[in-house]
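Open the model in your viewer and keep the selection panel at hand. The tour goes from one selection to the next and says what is found at each stop.

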Amino acid sequence: MRTNQDIEGYIIKMGLKYEEVGEGTWVIHDEQDKIDNIVVRHDAPVLVFRVKLMELPKHGELTGLFRTLLELNMDMVSGAYGLEGNAIVATDTIQSENLDYNEFEASLDGLTMCITDHYPKLVKYVELNGAGASKSAQA
């Protein structure tokens with residue numbers, strides 16, 4: 001079983017800036033991919049990556065946005081887009097029991113790559129409806 005120290009070691013090995021905000025919870029600041037505030041939570045036997053992308057537009061039609069989110073979910077290998085309150089979030093969950101560094105890196109890289117590629121497709125709905133995008137994932 002991987003420990004919190006193992007997970008923190010993986011973050012350090014990747015050379016990412018981070019802060020530990022609680023037992024088994026870190027916030028990664030990925031300046032290279034311009035994605036900030038990726039929350040990593042280890043709650044054995046799973047490891048969850050989560051990042052808030054933007055607030056839902058307060059006005060306007062949301063059907064196109066929701067359709068786009070569902071379509072983009074097909075590109076996510078083990079993660080997904082979802083709603084948390086009035087925010088659009090991206091998450092990825094992996095088993096931590098036999099987790100190795102390569103799996104950790106691949107999961108985090110896959111999530112950040114999808115966000116970087118998909119963000120321009122999502123932010124247009126926010127811009128069209130006059131809501132602000134989150135600085136946590138502006139790419």
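**The aromatic cluster**

Start by selecting Tyr10, Phe49, Tyr101 and Phe104, which ring pairs link into a cluster. Keep in mind that this is a predicted model. Across the whole structure, a search finds three aromatic pairs.

Now show Tyr10 and Phe104 alone. Their rings form a tilted pair, with 5.5 Å from centre to centre and 45° between the planes. Colour helix H1 (residues 4–13), which holds Tyr10, and helix H3 (residues 101–128), which holds Phe104; the two residues are 94 apart in sequence, so the pair ties together separate parts of the chain. Turn on a surface: Tyr10 and Phe104 are both buried.

Keep Phe104 and add Phe49. Here the ring centres lie 5.5 Å apart and the planes meet at 50°, so this pair is tilted. Phe49 belongs to strand S4 (residues 46–55) and Phe104 to helix H3, so that the pair links distant parts of the chain, 55 residues apart. Phe49 is buried, as is Phe104.

**A charge over a ring**

Next, select Lys13 and Tyr101. The charged end of Lys13 sits over the Tyr101 ring, 4.2 Å from the ring centre.

**The S5–S6 hairpin**

Move to strand S5 (residues 79–84) and strand S6 (residues 87–95). The two run antiparallel and are joined by six bridges. To pick out one position, select Tyr81, whose bridge partner in S6 is Ala90. Finish at the turn: S5 and S6 make a hairpin with two residues between them, and Gly85 in that turn has a positive phi of about 65°.

Notes
Residues numbered from 1 in each chain as written. Predicted model: local features only at pLDDT ≥ 70, side-chain atom pairs only at ≥ 80, totals over all residues. Heavy atoms only, no water. Phe/Tyr/Trp six-rings, centres within 6.5 Å; stacked < 30°, edge-to-face > 60°. Helix = DSSP H or I, 4+ residues; strand = E, 2+ residues; numbered from the N terminus. Buried < 20%, exposed > 50% of the residue type's maximum accessible area, 1.4 Å probe, protein only. Lys NZ or Arg CZ within 6 Å of the ring centre and 35° of its normal. Pairing = 2+ DSSP bridges.
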